[in-house]
Amino acid sequence: MLKHSSVLAAFLVSMGLLTGCGSSSSSSDAPVVKGVVVDGIIKDAEVCVDSNGDGDCSDEPASCRATTDVFGEFDLGGCGSVAPLVSYGGTDTGTGLAFTGSLKAPAGSLVVTPMTSATQALVEGGQSAEEAEATIKAAFGIDEAVELTEFNPFKALDEGTPAEKEQAQQVLAQQAKVQTIVHSISAAVAGADE
């Protein structure tokens with residue numbers, strides 16, 4: 001069970017079921033060089049720095065858009081990291097199924113996952129990126145040492161230390177809970193629309 005009611009709101013916002021308010025920004029001007037989209041490994045997803053906050057990559061400059069490779073990795077070159085990342089579309093390489101949702105991550109993130117989507121939803125709701133990440137970690141019992149905006153659980157499972165592998169298993173297990181909650185809410189909303 002979730003420990004913070006704001007986390008449920010974060011899921012709703014990240015799924016587009018509720019409208020977030022406010023905007024996010026970061027004081028970091030460091031370029032986003034490489035990152036990865038993880039909800040499973042997602043290849044052929046469109047990723048962008050969402051500088052105008054509309055959740056759509058089509059109106060962003062070409063230099064601030066990329067498509068993920070077979071490892072879910074993307075390269076935005078020297079595009080600044082002062083705005084959130086958005087990812088949508090692609091194919092889950094583990095299942096071969098199309099990924100029909102979208103994911104977000106706070107400005108400066110190196111990974112885009114369901115956990116970073118929930119974090120970004122809290123940022124859009126007014127929390128700082130640090131507060132939002134702490135809220136998500138506390139709600140899901142994730143080790144405080146894990147940096148959700150940088151931690152690639154699949155890479156940690158393959159190449160990490162025993163401690164990193166344990167953290168990866170923990171993050172993936174909690175990410176599965178996020179997915180279950182989001183799918184349940186989506187189904188309930190779809191049923192209400194009918």
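The exercises below work through the strands, sheets, cores and cavity of one predicted model, each with a stepwise solution.

Residues are numbered from 1 along each chain as its sequence is written, and side-chain values use heavy atoms, with hydrogens and water left out. Because the model is predicted, local features need pLDDT of at least 70 and side-chain atom pairs count only at pLDDT 80 or more, whereas totals for chains, interfaces and linings use all residues.

**Exercise 1. Describe the overall make-up of the protein chain.**

Step 1. Helices (H or I, at least four residues) and strands (E, at least two) are taken as DSSP runs numbered from the N terminus, and on this basis the protein chain has 5 helices and 9 strands.

Step 2. Read along the sequence, these elements follow the pattern α-β-β-β-β-β-β-β-β-β-α-α-α-α.

Step 3. With buried meaning under 20% relative accessible area, exposed over 50% and partly exposed in between (1.4 Å probe, protein chains only), buried residues make up 42% of the 194 residues.

Step 4. With contact meaning heavy atoms within 4.5 Å, 62% of the contacts between residues at least 6 apart in sequence join residues at least 24 apart.

**Exercise 2. Establish the strand order of the sheet that contains strand 6, and trace its pairings.**

Step 1. Two strands pair if DSSP finds at least two bridges between them; strand 3 (residues 46-49) and strand 6 (residues 85-88) are antiparallel, with 4 bridges, and Glu 46 stands opposite Tyr 88, while Val 47 stands opposite Ser 87.

Step 2. Strand 6 is also joined by 4 bridges to strand 8 (residues 102-105), again in the antiparallel sense, and here Val 86 stands opposite Lys 104.

Step 3. The result is an open sheet of 4 strands in the order 4-3-6-8 with antiparallel pairing, in which strand 4 (65-67) and strand 8 are the edge strands, each pairing on one side only.

**Exercise 3. Work out the sheet around strand 1, and locate Phe 74 within it.**

Step 1. An open sheet of 3 strands has the order 5-1-9 with mixed pairing, and its edge strands are strand 5 (73-75) and strand 9 (111-112).

Step 2. Strand 1 (residues 34-37) runs antiparallel to strand 5, to which 3 bridges join it, whereas strand 1 and strand 9 run parallel and are joined by 2 bridges, with Val 112 as the bridge partner of Val 37.

Step 3. Phe 74 lies in strand 5 and is the bridge partner of Gly 35; the C-alpha atoms of these two residues, 39 residues apart along the chain, are separated by 5.4 Å.

Step 4. Phe 74 counts as buried because its relative accessibility is 2%.

**Exercise 4. Identify the nonpolar cores and the elements that contribute to the largest one.**

Step 1. A nonpolar core is a set of buried Ala, Val, Leu, Ile, Met, Phe, Trp, Tyr and Cys residues joined through side-chain atoms within 4.5 Å, and the largest has 17 residues, including Met 115, Ile 136 and Phe 140 among those with the most contacts inside it.

Step 2. Two or more residues of this core come from each of helix 2 (114-124), helix 3 (129-140) and helix 5 (162-193).

Step 3. Ile 142 touches Met 115, Lys 137, Leu 148, Gln 170, Val 171 and Gln 174, when residues up to four places away in sequence are not counted.

Step 4. Another core, of 16 residues, lies apart from the largest, and among its members are Ile 42, Val 47, Phe 74 and Cys 79.

**Exercise 5. Find the enclosed empty space and name its lining.**

Step 1. On a 1 Å grid over the protein atoms alone, a cavity is a set of points where a 1.4 Å probe fits but cannot get out, and lining residues have an atom within 4 Å of a point; grid points are joined across faces, edges and corners, and a volume is the space filled by probe spheres set on the points.

Step 2. The search of the whole structure finds 1 cavity of 30 Å³ or more, and the volume of the largest cavity is about 50 Å³.

Step 3. The lining of the largest cavity consists of Thr 113, Met 115, Leu 148, Phe 151, Pro 153, Val 171 and Gln 175.

How values were computed: 1 Å grid on protein atoms, 1.4 Å probe; cavity = no way out; pocket = protein on both sides within 12 Å on 5 of 7 lines; lining within 4 Å.
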